[in-house]
Structures are given as C-alpha cells and as structure tokens.
Amino acid sequence: MGTGATPVVAHGLTKDFGKVRAVDNLSFSVEQGSVTGFLGPNGAGKTTTLRMLLGLAAPTAGTGTIGGRRYAELSDPAHVVGAVLEATSFLPGRTARNHLRVCCAAAGVADRRADELLDLVGLAAVARVPVQTYSLGMRQRLSLATALIGDPRVLMLDEPANGLDPQGMAWLRQLMRRMADAEGRAILVSSHVLSEVEQVVDRVVIVARGRLLYDGTLRDLPGGQEGVVVRTPAVERAVTALAGLGAHVVASPDASLMITGATPSAVGHACWQAGVEVHELRTVGSTLEQRFLALTADPFPPGPGR
Amino acid sequence: MRNALRSEWRKVTTTKLWWGLLLTTVAVAGVSAAGLISSYQSGGPPGVAPPDPFAQASTQRMLATLGSAGEIFALVYGVILMTTEFRHLTARPTFLIEPRRGRVIAAKLTVGAAVGVIYAIASAAVVAAVMTPWLGAKGDAIEWLRGGVLATLGRAAIAVTLYALLGVGIGAVVRNQIAAVIGSLAFLLIIENVFAVIPTVNRAYAFLPGPAAGALVGSTAPAIGGVQLTSLEGGLVCLGWGVLLAVCGWLVTMRRDIP
C-alpha cells in the first residue's frame with residue numbers, strides 16, 4: 001500500500017438495484033491503526049457498501065478505494081485487504097483446513113498459513129471436519145481466518161459478532177483491538193447491534209436506508225431526547241415551579257413530569273425552592289443504544305395499512 | 001494464473017462430487033457396453049450358434065462409441081463446478097483473492113476440461129476393459145487400429161471432455177445451480193428432440209451440441225433435416241458451442257456483480 005494513502009475511502013458511493021436506491025451518496029474513510037464501526041439496522045446498505053469497496057459490486061456512482069486504489073487495481077489484494085462478508089461463504093462438505101488451503105493456493109501463500117490461522121481462531125481441533133457441522137460462531141471464526149490469509153493491513157468485517165457467544169465476543173474484541181493498536185491495521189467492522197462493537201470502536205459511521213447519518217466518535221453521538229423525569233404528588237405546583245427554567249415540561253397521567261432542556265440538578269433545585277414534594281427524579285433517554293435507535297429509527301415503520 | 005489454477009484444482013479434489021460423478025460416468029459407459037454385447041448373446045434358432053456381429057469392425061466401432069455414453073454426467077459436473085461458487089457464495093473469497101475475473105474463469109474452464117479428460121479416459125478404459133476379454137472369449141479379434149476402434153474410443157473421449165467444458169460455460173452464464181442443471185438436461189434430453197421433429201427447423205438439428213457430439217463420435221444416427229456432419233465437423237461444432245458458452249460466461253462474469 002502506498003505510504004500515506006488512507007486505507008479505506010468511500011467517496012459518494014451509490015448503488016441502485018432496479019428502482020431501489022440501496023446506498024445513497026455515501027462517503028467516509030477508515031484510518032490506519034483504528035477500529036471504525038459501520039453501524040446501521042438490517043437492510044441499511046452496509047453489506048452492499050462493503051461489496052462495492054471490495055470490487056464485487058459495481059457502484060452506480062462514486063468510488064471506493066483501498067490505499068488510494070480501486071480494489072480491482074490491487075496487484076495482490078489478499079495481502080492488502082482481508083474481508084468477511086457474512087459467515088456463509090463455504091462449501092458445506094469441505095473441511096475448514098481444506099477451505100483455507102484453497103484460499104492459500106489462490107493467494108500464493110504457503111499452506112502452513114492455514115494451520116497457523118486455525119490455531120489463531122481456535123478451530124485447530126475441528127480443522128478436518130466438514131464445515132456443515134459447524135455452529136454459526138465457528139463459521140464466524142473460519143471467516144475471520146479466511147480474511148487473515150494474506151496478513152493484510154486492512155480488514156473489513158461484516159457482522160463478525162453474529163452468532164458468537166459472550167466469550168467469543170470478548171475474544172473478538174480483544175483480537176480487533178490488538179490488530180489495530182499493536183499491529184497498526186485499519187479495521188472496518190459492521191454491525192446492526194451497537195453494544196457488540198461499542199467497547200472496541202474508535203469511531204463510528206452510522207447509516208440507515210443507504211444514507212450516512214453520523215460519522216464521528218461515539219461520545220459525540222447526538223444526544224437525542226435526553227430528559228429528566230420527576231414523580232410528584234403535586235403535579236400542578238411542580239409545573240409552575242419549573243416554568244422559570246425555560247424547559248419543555250410534559251405532564252403524564254401517572255403523576256410524573258417529563259422535562260427536556262434542563263439538567264437534573266436544575267430541576268431538583270427548582271422543586272426544592274418551591275417546596276414541592278418529589279418522590280423520584282431520574283434521567284432518561286441518554287444511553288448510547290437509545291441515541292443510536294433514535295438516530296436510525298425508520299420514520300415510516302411498517303404497520304397496518306402499509 | 002498458476003495460483004488460480006492450483007486453487008481451482010484444490011477445490012475439485014477437496015470435494016466428493018468429482019469422483020461420485022466420475023463413477024457414474026464410467027458406470028454408464030461400462031454398463032452400456034456390456035448391455036450391447038450381451039443383447040446379441042441370445043436369440044437365433046435353438047441348437048444353432050447365433051451369428052456373432054462383433055467379429056466385424058463396424059460393430060466393434062459401435063461398441064467403442066459407448067465411451068461417450070456417460071458424457072451428460074461430465075457436463076453436469078462442469079455445471080456444478082461453476083455454479084457452486086454462487087450457490088454457496090464461495091465466489092466471494094474467490095473473487096476477493098483474485099479480482100481479475102477473467103483469470104478465474106480461465107482457470108475454471110481449464111480445470112473443468114482437465115476433470116473432463118479424466119472422465120473421458122476412464123470411460124474409454126472401462127469400455128476397452130469390457131470389450132477386450134469378452135470379445136476375446138468369443139474368439140473375435142478386435143481391430144484396434146485397422147478397424148478404427150481405438151480412434152473411435154479416442155473420439156468418444158474428446159466428446160466427454162468437450163461436454164465438461166460446455167458445462168462450465170453453461171454454469172458461468174446461468175449462475176442458478178438448479179436452473180442450470182435442469183435446463184441443460186432438459187435441452188439435451190428433450191428440446192433437441194423437439195428440434196428433430198419440426199419440419200424446416202430440423203435442418204438446424206445436426207448443429208446442436210448433442211447431435212454434433214454424436215457425429216464426432218460416429219454413433220450411427222439417421223440424417224435428420226437432410227444434414228449429416230462428418231466426425232471432424234461434428235467435433236468443431238461441439239467445440240464451437242464450448243467456445244461460445246465460455247465467451248458468454250466470461251462476459252457475464254465481467255459485467256455482473258458478484259452476490
């Protein structure tokens with residue numbers, strides 16, 4: 001890879017399937033030595049985007065480059081990019097070891113690499129068993145091994161945590177962190193579940209319905225509807241007391257108030273000053289997951305009549 | 001290209017299908033040959049030895065054409081070899097590691113043809129193994145060279161190889177495995193015969209892959225539509241179909257997205 005060239009760049013990537021626009025003018029990049037989460041609900045266009053970056057699908061518009069070059073122009077792609085696209089790309093009757101040896105031959109890599117990788121992903125004991133007997137988690141591990149055949153500097157992993165048990169998930173997170181921090185690889189990891197990648201990513205690219213919604217750190221993710229809930233037997237007096245805060249106050253039937261636009265301490269202070277009895281005071285709607293869901297929510301959810 | 005070939009060859013040898021269909025191809029050839037010989041064993045008036053047609057070179061050549069009796073299974077193998085990549089999505093790692101798609105198609109065609117050669121030689125060998133001792137026991141001398149029996153076995157082997165190549169081409173054009181297998185069997189077993197019975201249209205019959213392969217091998221068939229190809233013409237027409245399908249498969253693979 002050229003020195004200084006950004007490992008992965010998507011520039012205005014667009015893909016139409018007939019009349020459906022699966023990916024719409026998507027631009028983002030992945031830096032060396034970092035883990036970038038590629039998040040969005042199912043059907044957001046994540047896999048299609050990866051297929052375009054990897055030269056499997058031709059973009060309707062825009063370009064995707066790896067180290068400054070289009071995938072098809074890479075002379076030895078297995079040593080530059082390793083990719084996993086869903087854990088299903090195996091012949092059921094072929095053993096894991098033979099699957100990797102087929103890939104070793106194609107990439108011009110020594111066959112012993114297959115055994116090294118089986119050790120790395122913890123499949124050495126079942127290396128000579130047909131893949132059809134594998135669990136989803138084992139297939140994920142084999143996919144990861146396939147991506148690592150040429151010891152690439154860039155990894156693109158599509159839903160690699162799907163089907164992994166909690167130990168497997170922790171193992172995957174550690175492996176990704178090590179590959180990014182100690183080995184300086186650039187990793188793009190897609191997921192539709194924020195919590196799977198939340199602990200490991202440096203940055204996130206969030207998409208829904210094919211469009212970019214957010215590109216940045218998780219900490220700066222827009223807060224959505226962060227609010228304060230106050231439960232009180234004196235609802236009317238509390239509303240009056242809080243009026244001076246300039247916040248948005250909504251009373252709900254169960255004798256509680258939902259306040260947005262004011263901090264919990266300001267709300268508590270205003271109630272105390274007015275002598276309003278408070279039974280509960282808590283913040284809501286501020287978890288990452290809730291912010292992610294708020295951001296990616298479908299404005300036209302499927303329902304009756306549609 | 002060497003890497004692509006090695007990888008494709010490994011794909012063949014790490015599955016059971018290739019020898020499963022090899023056994024089928026060979027069994028069809030061997031059973032057909034045995035059936036033809038034994039069908040002449042009986043008959044004739046009691047007490048009188050039946051006439052033995054296998055003393056003649058022409059009958060021996062007819063027996064040798066059965067070396068291609070299992071050719072359709074070589075074609076099915078070729079179709080499956082290619083369509084498996086799309087059915088099980090192994091096309092993804094394949095084209096990720098070698099994004100020059102033309103090379104992958106070339107390697108696939110080469111390896112498909114190589115497997116075809118194995119099927120072809122095994123089929124010819126089995127027919128020879130059936131006829132040599134059997135006819136020897138009857139006291140018939142097989143006219144391998146002078147009677148053209150060996151040449152006919154060789155042509156049968158070429159037909160089997162070409163069928164494997166046709167299969168890979170079909171698979172590259174029609175990626176859906178079931179559609180490709182059913183479609184090519186339907187074409188060879190039914191649609192070609194429909195061609196034969198429709199007046200005017202049947203002039204094209206001789207140029208279809210099945211009849212062309214028949215002409216190559218020299219199986220005796222009546223001239224349908226007034227056209228009878230020679231062995232060489234039949235072979236070239238069959239090869240032409242293989243090249244046409246390979247080029248179409250290459251074009252499809254270059255232009256269409258990999259799933």
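Which residues of H9(B) are buried? In this predicted model, where local features need pLDDT of at least 70, side-chain atom pairs count only at pLDDT 80 or more and totals for chains, interfaces and linings use all residues, side-chain values rest on heavy atoms, with hydrogens and water left out. Residues are numbered from 1 along each chain as its sequence is written, while chains are lettered from A and ligands numbered from 1 in the order in which they are written.

The buried residues of H9(B) are Pro209(B), Gly210(B), Pro211(B), Ala212(B), Ala213(B), Gly214(B), Ala215(B), Leu216(B) and Val217(B). Here buried means under 20% relative accessible area, with exposed over 50% and partly exposed in between, for a 1.4 Å probe and protein chains only. Helices (H or I, at least four residues) and strands (E, at least two) are DSSP runs, numbered from the N terminus. Because nine of the nine residues of H9(B) are buried, the helix is largely enclosed by the rest of the structure. The cover over these buried residues includes helix H3 (57-65), H4, helix H7 (149-173), H8 and helix H10 (231-255) of chain B, where contact means heavy atoms within 4.5 Å. Just after H9(B) comes Gly218(B), with a positive phi of about 95 degrees.

H9(B) also takes part in the lining of the largest pocket, which holds about 570 Å³ of space. On a 1 Å grid over the protein atoms alone, a pocket is an open set of points with protein on both sides within 12 Å along at least five of seven lines, a cavity is a set where a 1.4 Å probe fits but cannot get out, and lining residues have an atom within 4 Å of a point. Grid points are joined across faces, edges and corners, and a volume is the space filled by probe spheres set on the points. The pocket has 27 lining residues, and those nearest its centre are Tyr205(B), Gly210(B), Pro211(B), Gly214(B) and Ser219(B). At least two lining residues come from each of helix H4 (71-87), helix H8 (177-197) and helix H9 (209-217) of chain B, with H9(B) giving the largest share, six residues. The lining comprises 18 nonpolar, seven polar and two charged residues; Ala, Val, Leu, Ile, Met, Phe, Trp, Tyr, Cys and Pro count as nonpolar, Asp, Glu, Lys and Arg as charged, and the others, Gly among them, as polar.

Turning to chain A, an open sheet of six strands has the order S5-S6-S7-S3-S8-S9, with mixed pairing; two strands pair if DSSP finds at least two bridges between them. Strand S5 (81-85) and strand S9 (211-216) of chain A are the edges, each with a single partner strand, so one side of each has no neighbour in the sheet. On average, and with direction ignored, neighbouring strands of this sheet are turned by 10 degrees against each other. Five bridges pair S5(A) in the parallel sense with strand S6 (residues 154-158) of chain A, and one partnership links Val81(A) to Val154(A) in S6(A). Across S5 and S6 of chain A lies helix H4 (residues 136-147) of chain A, running at about 155 degrees to S5(A). Helix H5 (residues 166-181) of chain A also packs on the sheet, where it touches strand S3 (35-39), S6 and strand S7 (186-191) of chain A and makes about 150 degrees with the direction of S7(A). Axes are lines fitted to C-alpha atoms, for helices over the stretch in contact, and angles run from 0 to 180 degrees between N-to-C directions.

The cavities bring both chains back into the picture. There are three cavities of 30 Å³ or more, and the largest has a volume of about 220 Å³. Among its 20 lining residues, Ala83(A), Thr146(A), Ala147(A), Pro93(B) and Leu96(B) lie nearest the centre. S5 and H4 of chain A and helix H5 (91-97) of chain B each give at least two residues to this lining, and S5(A) supplies the largest share, five residues. By class, the lining of the largest cavity has 12 nonpolar, six polar and two charged residues. The second largest cavity holds about 130 Å³. Of its 16 lining residues, Val102(A), Ser7(B), Lys11(B), Pro93(B) and Thr94(B) are the closest to its centre.
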